[in-house]
Each structure stands twice: as structure tokens, then as C-alpha cells.
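Biologist: Please take me through this model and set each term against its definition.

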Amino acid sequence: MEISFRRYTGSELVFELIDQLVGVAKSNDPELFPRKLIEKYEKIMYERPASMAALNILRYIANYYLEHGFNGLIEYCSKLRSEYDSMLWKSADVASRRVNSGERILTNSNSLAIRRLLKLIRDHGKDVEVYVTESKPGKEGLLLAEYAESLGFKVYLMVDSAVRFFMKNVDKVFVGAEAIASNGAVVSKIGTSLISLIAHEARKRVFTVAPSLKFSYETIYGELMKVPEGGVELILEPGRDEELPEGFTARIPLYDVTPSEYIDAIATEHGLIAPQAIPLLLRSIYGAYPPVIPSLHELFTKLREKHGLR
Amino acid sequence: MGYPQKVLQIADDIKTMKIRGAGRIARSAAEAMKHAAVEYNGNPYLGEFKEYMVNVAKLLISTRPTAVSLPNAVIYVLRSLKGRGSFEDARKAVISYAEEFIKNSEEAVKKISEMGAKRIKEGSIVLTHCHSTAAVEVIAKAYREGRVLKVYNTETRPFLQGRITFAHLRKYGVPVVQIPDSAVRYIMDEVDYVVVGADTVTSNGAVVNKIGTSQVALAARESRVRVYVAAESYKFSPLTLIGELVKIEFRDPEEVVPHEWLERHPGVKVLNPVFDVTPPEYIDAIITEYGVLPPQAAILILVDKLGWTLDSIKYSDNILGNLEKIIE
């Protein structure tokens, strides 16, 4: 059985996806590759519909394959991979410049962008204190705390409910993103919007670290971002022998949407911008706004028709 | 002169936490005061009896110096001695005040549930945090009256009291859906009312309650969702009136992560505060057994209902040393 895409962070998913597709592309099988491409697309739309970096990667690869077939496909994929890698480092680098030595920063979950931010803060010779929420469901915060500890930072771990209690101790908030919408709203790990609201109340700055590839083009045309919810099993406490109350039901949202007014800036590979200035950034990257980019729906319909797949 | 055995027993049970929960502590202390008066076997002089009762009060209050409901109950009963003309008169007063306190306390949750339920409009969705008997009773009463469609309840890490609330509400047939604590803002869109309990209410109307309450209230305010706190009057803290801060306990990190994890990560400090403080401006009303109050009117309960007259406030930084003056 294939591993669920939910175990990866948004950026890890990009790398995993490209690696899997390169593996398939090596077969040069014109039946297999489009079928796998469609499969991955459907799997992401089902498991990670808000993971825009992965969806954008699929957009590029599907578009390339429709135009060029296998000709240069593997090289193209490798180029996308290294480009994404470097834009992620660059975004983290931009964010790291906003951090001064001695500051206390708060973050959640375990995004690769945040891990790289912490790495660069350390590489730049700055010392910070890191406050991390455990980030239920998933408790990825424990992994981030562990990583921050390995870099030699002073780390504080707390439950998600304690954010407002500690916000007064904090200087800045840094979070990762799954997707950025055309109005500057950011989709991130569940709880991020609450953290941002609390930071806003306490007049603390909130920075989102996100390469421009996380932008959701579909939202320009009014599409709403889909935020998936998980099952009851995600809320259980592993290792705790728990008897659930009779008739136990739960709703476990995996992501939430932070409105742009609670985000001070998005650190991208092109620099630090206000979330409301996203259209400007896209215009400078693509030469026009809205950018001329085929929609996912269009591309995958074409791909299905061309190969007689439903 | 010694104290009756039952009084000593109650004092000991409060001290060793055999008697727990704000309500039970308060009622047991009042019971002990009553018993001390009934069993008094000294000389039938007013002065001697007063001195004896003050000593019983000191004994009881000193068992749990940080509990809020305890001094409230004891001083409520002790204040009955004020202005009494004879020993018999004083003894009767102590007994009847103690009985009155116990009765009021028992009826408090019922009254709160009735008044609280009225504040909820028909067909509403309610969110609650942690586990509070008073809050659950408000919601259950409102459900029986057709006012509540559904309840969202937070799981309340690290101790998962949300699971208790879930079972408690299900017992009354209320439809409940649990959410992780991080999903409070996500779900607030669908919510009409937040109903929570309180550990302590301060003199300026701030509410000390389970960690996370203040961010639930903040998210509610952002969404223009009303926040109600269900709190019996003995949860109001007199000491805060003279500026005393409510101390917030940090509990064992092992409630948050397992022992092995802590051992493997000596560089990570796990911070586990039990309570947080919700400022009065995020609370629409505190529902007490005396009525629905704006939080800023908390001082009314302290002064009028708990017997903390403005005059005796000045002694409250050293209650034990000044109990005599309260009854002068």
C-alpha cells in the first residue's frame, strides 16, 4: 500500500512527489506515466487539497509532458526540484534576517521552511529562544522542538491552549504555509490562525515563510481553498490507554486559514512582502497579472482525454 | 480548649485533598463551623465563644491557604457573630448562617443553570472548554428547553478533561462533537455561544480558568460570539481586591510528554501552566446564583454577598491575623 501523503510537510511532499514521478518517467512508458500523474493528482486533491506547492509542481510537470512528452522530462523535473529547494532556502534566509540575536520566537508544527529558518538563524551566529506548540493533531511540534534543541537553542514546548499565556514573552511569530490565496490569506497547520490572532492582540509580528510556488492560482478566479478534515483517530493519544466516552465523535480539521490582516509579511524567495501585495509579486514573476497559467482542471482534463482515461 | 473531633477531621480531609472541588470544600468548611458551634462546651460567655470561633476559623482557613472558596465560606459564617448581644444569640446565628451557606451553595448550580439557559437563544450551537459542572448544567438545561442544537467541546490538553465533558453532556442526551484545542478559531464561525466555568473570579472581573480559556474567549470576541462564565459566588476571590495576584501553578511536564521523551531532550523545557486569565472585556456575563452580572460588577458579589465589607478588606492581606477585627 502506498504511504499517505499526509505524513509529509508541504515542502517534503514536493520533493517526494518529484522523486516518485522521476522514477516513473524513467520507464518511458506512455501508458504508465500519464496514469500515474493523474493518480498523484487525485491523491493530493483527496488527501492534501490545500498543498499548493505540490499541486503547482504537478501543474508544471503535466504541462511539460503534454507539450514535450518524455523529451527532457527527467531533466525538467530535476530542475524543478532544485529550483524549489533553492527558493525554500532563500525564503528562509529572508525570514532569518528579521530575527535578532536574543529574541524569543514562537512557532508551531514542523514545516521544512521553519526548520531551515532555524538552521539559518544558527548559521548566522544568532541565538534565539524558541517557543513551540505541540500542535495537535499530529504533535509535529515535538519534532520541531527536537530539531531546535539539536541546533543548540533554548526550547520551550507547550500545549496548544497555552499560546495566549506565553505570547507576552514572545517577540515574533514565524509560521509555514500550505497555500497562499490571491487575497493574501494563508492556509497553514490547524491552529495557525488562532496563534496569529493572539499575536495580533498582543501586537507581535507574524511572518509566514513561503516560497512563491505555494501560491494558489485557482483562487484568483474565485475558487475557495479546500481545507481537509481527518477522522477521530487523529485526536487519540498514542501510548495512552484511553477509553473513549460512548458515542464519541470529533471533527479534526487539519489546516485553517489565517486572514491577511493578521500576517505582517510573507518571506518569499523574492523578498519580504505584505500578503496583500501578492498580485504584485506574481506580476513581476510572470510578467502579467493574472499570470497566464493553465488551470489544473484544464490540464488534467486534457491529459485524461488524450490517454483515454476517465 | 480542644476542638470537636469532627471539626478536626474535616480540616484534615481538606488539607490532604480528600475533600476536593471548590463547592465541596466550601460546604465542608461551613459544616465544620456549624459543628464547632453546636459542640461548644466552654463557658457560656459571648467573648469566650467568639474567641473560640475565630480559632476554629483560623484552623480551617490555614488548611489550604490558596483555595478561594474556603475563606469565603468560613468568613461568611464567622461574620454572623458581628453585633450579637448574647452567647445564645451568637451560637444560633453561627448555626443558621452555616446552614444558609450550605443550602445556598447546593442550590447555586441549579439557579445558575436556570438563568444561564435563558441567555441562550433557540437552535444555538454552543462551545465549551475543559470540564465545569456549572457550565455543563447550563448547557444541559438549555438543551432540554430546545435552545441548544449541538455542542462543540475542546479536548483540553494536556489532561483531556474534554472527554469527561463529552460523557457528561451525552448523559443528558446533548449532541456533542469534540475538537482539538487548536481548532477553536476554525470552528468559531459556526458557534453562537461560549459557555465555560471558572476556577477563580477576581475583583475586577477577570476569570481564572483552565489554560486555553482566554484564547477561546479571544476567538469568540473576534467572531462576535457571546462568552458566558458560569460561576458560583464562592469562586470570587476577596484577596484580589487588595491587589493580590492569583498564582498560576505550573504542573508536571510529564502530563504533556512522556518521561522518556523528557529524558531524551534535556534541552527542551516543557511549560505546563494550569490556568490562564481571561480579561473582563472578553466576557459578556458571569452567571452566578445571585443573577447575571457584567464581569466588572464582580466587586458587588465580594462586598455584598461574601461579607467582605469595605471595612474588612484592609485586613485581608493577613486574614488569619485579623479575623477578630472582622467580627468586631
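Biologist: How many residues does the contact take from chain B and from chain A?

Modeller: The contact takes 39 residues from chain A and 35 from chain B, where two residues are in contact if their C-beta atoms, placed from the backbone, lie within 7 Å. This is a predicted model, in which local features need pLDDT of at least 70, side-chain atom pairs count only at pLDDT 80 or more, and totals for chains, interfaces and linings use all residues. Residues are numbered from 1 along each chain as its sequence is written, with chains lettered from A and ligands numbered from 1 in the order in which they are written.

Biologist: Which elements of chain B give two or more residues to the side that touches chain A?

Modeller: They are α7, β3, α8 (184-188), α9 (213-222) and β8 (268-270) of chain B; helices are DSSP runs of H or I with at least four residues, and strands are runs of E with at least two. The largest share, five residues, comes from α9(B). By class, this side of chain B has 19 nonpolar, seven polar and nine charged residues. Ala, Val, Leu, Ile, Met, Phe, Trp, Tyr, Cys and Pro count as nonpolar, Asp, Glu, Lys and Arg as charged, and the others, Gly among them, as polar.

Biologist: How do you know that strand β3 (residues 154-158) of chain A pairs with β8(B)?

Modeller: Pairing requires that DSSP finds at least two bridges between two strands. Strand β3 of chain A and β8(B) have three bridges, in the parallel sense, and therefore count as paired. One of the bridge partners is B:V270 in β8(B), which matches A:L157.

Biologist: What makes β12 (271-273) of chain A and β8 of chain B edge strands?

Modeller: Each pairs on one side only. The open sheet has eight strands with mixed pairing, in the order β12(A)-β11(A)-β7(A)-β4(A)-β1(A)-β2(A)-β3(A)-β8(B). Its twist averages 25° from one strand to the next. At the β12(A) edge, three bridges join that strand to the antiparallel strand β11 (residues 265-268) of chain A, and A:A267 has A:L272 as its bridge partner.

Biologist: Why is helix α1 (residues 10-25) of chain A called roughly antiparallel to helix α4 (residues 73-96) of chain A?

Modeller: The two helices pack at about 170°, with their axes 10 Å apart. That angle makes α1(A) roughly antiparallel to α4(A), because angles over 145 degrees count as such, on a scale from 0 to 180 degrees between N-to-C directions. The axes are lines fitted to C-alpha atoms over the stretch in contact. The contact of α1(A) with α4(A) has 12 nonpolar, two polar and one charged residues.

Biologist: Which handedness has the β-α-β unit of chain B?

Modeller: Strand β2 (residues 148-154), helix α7 (residues 161-171) and β3(B) make a right-handed unit in chain B: with the strands pointing away from the viewer, the path from the first strand over the helix to the second runs clockwise. Four bridges join β2(B) to β3 (residues 176-179) of chain B, and the strands run parallel. The bridge partner of B:T154 is B:I179.

Biologist: What are the domains of chain B, and how many of their residues are in contact?

Modeller: Domain 1 is 5-109 + 318-326 and domain 2 is 111-305, with bounds from an automatic or database domain assignment. Their centres, taken over C-alpha atoms, are 30 Å apart. In the contact, 14 residues of domain 1 meet 15 residues of domain 2. The largest share of the domain 1 side, five residues, comes from α5(B).

Definitions and conventions
Parallel < 35°, antiparallel > 145°, perpendicular 65-115°, else oblique.
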